[in-house]
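Please look at the sequence and the structure shown below, and keep both in view while reading. The report starts from a single residue and then widens to the whole chain.

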Amino acid sequence: MPRRTKTLNLRSTLILCALSGALLAACFPAFGLWPLAWIALVPWLVALRLTGAGGALLGSWLGGFVFYGILLYWLGLFGWTVWALACIVLSLSLLAWGLAARWIGRLGATPRILGAAVLWCGVEWARGLGPFGFTWGWLGYSQSPALELLPVARVAGTLGLSFLILLVNAALAELVVSLSREEAAFRPALRTASTLILVSLALLGAGRWMARQGDLRGPDVRVAIVQGSAHGPLRAEDVNVPLTREEMQRARETYQTLTTEAARARPSLIVWPESVLTGAPESDPPVAEWISRAARASGAWLLAGGPY
C-alpha cells in the first residue's frame, strides 16, 4: 500500500501535547492514576511525528507547562508568579526533549523508539543535577503504588523504570502513526507487541531476581513523628512573612515539649516536619544549639526540615 503523508495543524498539535501533559500530571498525587503513565505520552509522540518544527516547539513547551502547572500547583502558596516562572523554566526541558525526539523521527522505527526513551531519561537525569536539581515529576516515581513494578527501580534505578515506560509509549505511538497514515499495520503491530513483551520480561525478571534475594528486611526501627502545627493552617499570605521573636520561641518550646514526650517511647529516630527550623543551623548558633539539645535529650537521631 503506498505511504500517505499525514500532517497535523498547529491546533491539533497543541491539543495532543496538552492532553499528554494533563495525563502525565494525573499519574502523580493527588490523582495517583499511575497506570496512565504507560500511555500518557502517546498523543505527544504522535504529534511530534505528524507536525512541523514550529508545532513541535510550541506543542512541547505547552505539554511541559501543562504537566508542571498541574503537578506543582502547591507553588501557588508562594505566589502565582513563582508558580508560573517555575513552570515556564521547567517546561523548557521537555521542549528540548520534544525537539530532539522530532529530530530523530528521520531514523528508523526501532531507533526512534529507543531514542525517545533515552532522550527522556537524559532530560530527567539532567534536571536532577546540581544544587538546584529538581526530581519532581520523574516518570518512574509515578509507579510507587505498584509494588510489583518496583524491583526494576532496585535493579536499574528510577530512571530505569522511566525508560521502560517510555519504550511502551513510543512503541504505541509508532503504531498509531502507521494507522493514521493507512500504512500496512502488520510490522508496526509486531514491533509494538515485541516491545510490550520485552518490557514485561524485564519487569518479571527484576521481580524474580528480587525474590531470589530472600528476606531483605533489617531490624525494626521505631520512629516518632512530631507535628507541632504551631502556626496553624498555612496561608499564602503567611509564606514570605518572617516569624516574630515570640513566634520563634513558641515554636521551639512546642517542639522541645513534643520531642520530650515522643522520647518516652524510646524511638531510634524522631522526625520533625519540613521547614520547622527557624534558621539554618550552620549560620544560626541558637538554632544549632536548640536542635542539638533536643537530640541529646531524646537519645535518638533527629531529622528536621530546614528553612526554605
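R49 is found in helix 2, which covers residues 42-50, in what is a predicted model. Is R49 buried or exposed? With a relative accessibility of 19%, R49 counts as buried, because the cut-off for that word is under 20% relative accessible area. When its neighbours within four places in sequence are left aside, R49 is in contact with G105, R112, E174, V177 and R181.

One of these partners, R112, deserves a closer look. R112 lies in helix 5, made of residues 109-127, and R112 is buried too, with a relative accessible area of 13%. Not counting residues up to four places away in sequence, R112 touches R49, I104, G105, L107 and E174. Reading the two contact lists together, one finds G105 and E174 both among the partners of R49 and among those of R112. A residue far from R112 is A262, which stands 150 residues away along the chain, and the C-alpha atoms of R112 and A262 are separated by 55 Å.

A residue of another kind of setting is L57, which has its place in helix 3, residues 53-71. L57 is partly exposed, with a relative accessible area of 37%, and together with L10, L58 and L99 it makes a nonpolar surface patch of about 300 Å². The table sets the three residues side by side.

| Residue | Helix | Relative accessible area | Class |
|---|---|---|---|
| R49 | helix 2 (residues 42-50) | 19% | buried |
| L57 | helix 3 (residues 53-71) | 37% | partly exposed |
| R112 | helix 5 (residues 109-127) | 13% | buried |

Now to the protein as a whole. How many helices and strands does the protein have? There are nine helices and three strands, and, read along the sequence, they follow the pattern α-α-α-α-α-α-α-β-α-β-α-β. Taken along the principal axes, the C-alpha atoms fill a box of roughly 80 × 50 × 30 Å.

Of the 308 residues of the protein, 40% count as buried, while the protein exposes about 17,100 Å², of which carbon and sulfur atoms supply 65%. Among contacts between residues at least 6 apart in sequence, 71% join residues that are at least 24 apart. As for charge, the protein has 25 positive and 17 negative side chains, and the centres of these two sets lie 14 Å apart.

How values were computed: Residues are numbered from 1 along each chain as its sequence is written. This is a predicted model: local features need pLDDT of at least 70, side-chain atom pairs count only at pLDDT 80 or more; totals for chains, interfaces and linings use all residues. Side-chain values use heavy atoms; hydrogens and water are left out. Helices (H or I, at least four residues) and strands (E, at least two) are DSSP runs, numbered from the N terminus. Buried means under 20% relative accessible area, exposed over 50%, partly exposed in between (1.4 Å probe, protein chains only). Contact means heavy atoms within 4.5 Å. Accessible areas come from the Shrake-Rupley method with a 1.4 Å probe; for residues, only the protein chains shown count as cover. Lys and Arg count as positive and Asp and Glu as negative; His and the chain ends are not counted. The place of a charge is taken as NZ of Lys, CZ of Arg, CG of Asp or CD of Glu. Patches are made of residues with over 30% relative accessible area and no salt bridge: like charges are joined within 9 Å, nonpolar side chains (Val, Leu, Ile, Met, Phe, Trp, Tyr) within 5 Å. A salt bridge is a side-chain nitrogen of Lys or Arg within 4 Å of a carboxyl oxygen of Asp or Glu.
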